[in-house]
Amino acid sequence: MKHLFFVVLMCLCVGTLQAQDSTTVRRDTTITPPTTDASATDLLAGLSDSTDAKPDLLPHKMIFTQRAFWGPKGLLRSMKIAPLTPEGRAHELKVRRTMLIAHQIGGFVTLAGFIAQGIIGAKLYNAKGQDYVDTKKWHERSATFINVTYGTTLLLSLTAPPPVVGARKGFTTIKLHKYLAIVHLTGMVATNVLAHMIQNNESLKPYHRAAAYTTFGAYAASILAITF
């Protein structure tokens with residue numbers, strides 16, 4: 001089930017490169033002052049003056065997870081939970097900002113978990129006897145912690161309400177962040193798969209370690225890409 005979970009997440013992440021918005025790199029991925037909410041509200045208020053405003057409230061391209069929940073015929077629209085109105089979209093932008101802030105915080109928590117896992121993993125490779133048994137337990141616990149925080153962080157990004165406008169053309173740091181996400185998500189899947197395979201074939205340890213280091217490197221780089 002863990003393998004299936006990460007395969008599904010990888011598919012979702014691939015979809016972000018095809019349709020995810022990248023216009024608000026700093027505003028969407030960093031903690032911004034509350035005053036930015038007013039500009040979003042004013043923008044949506046202006047759209048409400050047009051008879052064709054409703055289609056313009058959403059970007060033309062959205063990832064399928066966003067479309068499933070927030071699209072014109074999405075689940076939340078059909079259930080009347082999130083009406084597609086200028087006022088509703090203004091509220092959704094606030095929800096989006098909150099979710100992406102949580103996404104950023106989750107990213108740093110997961111990064112800390114990666115660092116701890118690396119320290120424990122290095123100790124595990126040299127441990128023997130009872131020390132090996134105890135270290136292995138902590139290694140498995142930290143792996144579970146990382147899997148949970150990593151998955152939660154990714155889902156926060158994929159299910160956040162869509163932004164107002166479409167994707168900005170050209171290369172941006174948020175696009176770099178997404179490209180690196182493909183690398184570290186693939187590494188997460190490989191690391192988890194190899195971790196289970198090692199139990200029956202210890203010769204795979206070097207590959208497991210290489211996958212773990214690659215995942216950490218790509219993940220750290222993706223965090224730096226949108227932080228600095």
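Here are a few worked exercises on the structure above.

The model is predicted, so local features need pLDDT of at least 70 and side-chain atom pairs count only at pLDDT 80 or more, while totals for chains, interfaces and linings use all residues. Residues are numbered from 1 along each chain as its sequence is written, and side-chain values use heavy atoms, with hydrogens and water left out.

**Exercise 1.** Classify the ring pair of Phe-114 and Phe-216, and place both residues in the chain.

*Solution.*
- Start with the descriptors: a pair of aromatic rings is described by the distance of the centres and the angle of the planes.
- Next, the cut-offs: rings of Phe, Tyr and Trp (its six-membered ring) pair if their centres lie within 6.5 Å, and planes under 30 degrees apart count as stacked, over 60 as edge-to-face and the rest as tilted.
- The structure holds 3 aromatic pairs.
- For Phe-114 and Phe-216, the centres are 6.5 Å apart and the planes stand at 65°, so this pair is edge-to-face.
- Phe-114 sits in helix α7 and Phe-216 in helix α10, 102 residues apart; helices here are DSSP runs (H or I, at least four residues), numbered from the N terminus.
- For burial, under 20% relative accessible area is buried, over 50% exposed, and in between partly exposed (1.4 Å probe, protein chains only).
- Phe-114, at 10%, is therefore buried, and Phe-216, at 30%, is partly exposed.

**Exercise 2.** Do likewise for Tyr-150 and Tyr-219, then find the cluster they belong to.

*Solution.*
- Centre to centre, Tyr-150 and Tyr-219 are 5.8 Å apart with 40° between the planes, and the pair is tilted.
- Tyr-150 comes from helix α8 and Tyr-219 from helix α10, 69 residues apart.
- Tyr-150 is buried at 3% relative accessible area, and Tyr-219 is buried at 4%.
- Ring pairs join Phe-114, Tyr-150, Phe-216 and Tyr-219 into a cluster.

**Exercise 3.** Which rings have the charged ends of Arg-141 and Arg-209 sitting over them?

*Solution.*
- The test: CZ of Arg (or NZ of Lys) must be within 6 Å of the ring centre and within 35 degrees of the ring normal.
- Arg-141 has its charged end over the ring of Trp-138, 4.9 Å from the centre.
- Arg-209 has its charged end over the ring of Tyr-125, 4.5 Å from the centre.

**Exercise 4.** Is Arg-89 buried or exposed?

*Solution.*
- Arg-89 lies in helix α7 (residues 86-126).
- Its relative accessibility is 0%, so Arg-89 counts as buried.

Terms used. Helix = DSSP H or I, 4+ residues; strand = E, 2+ residues; numbered from the N terminus.
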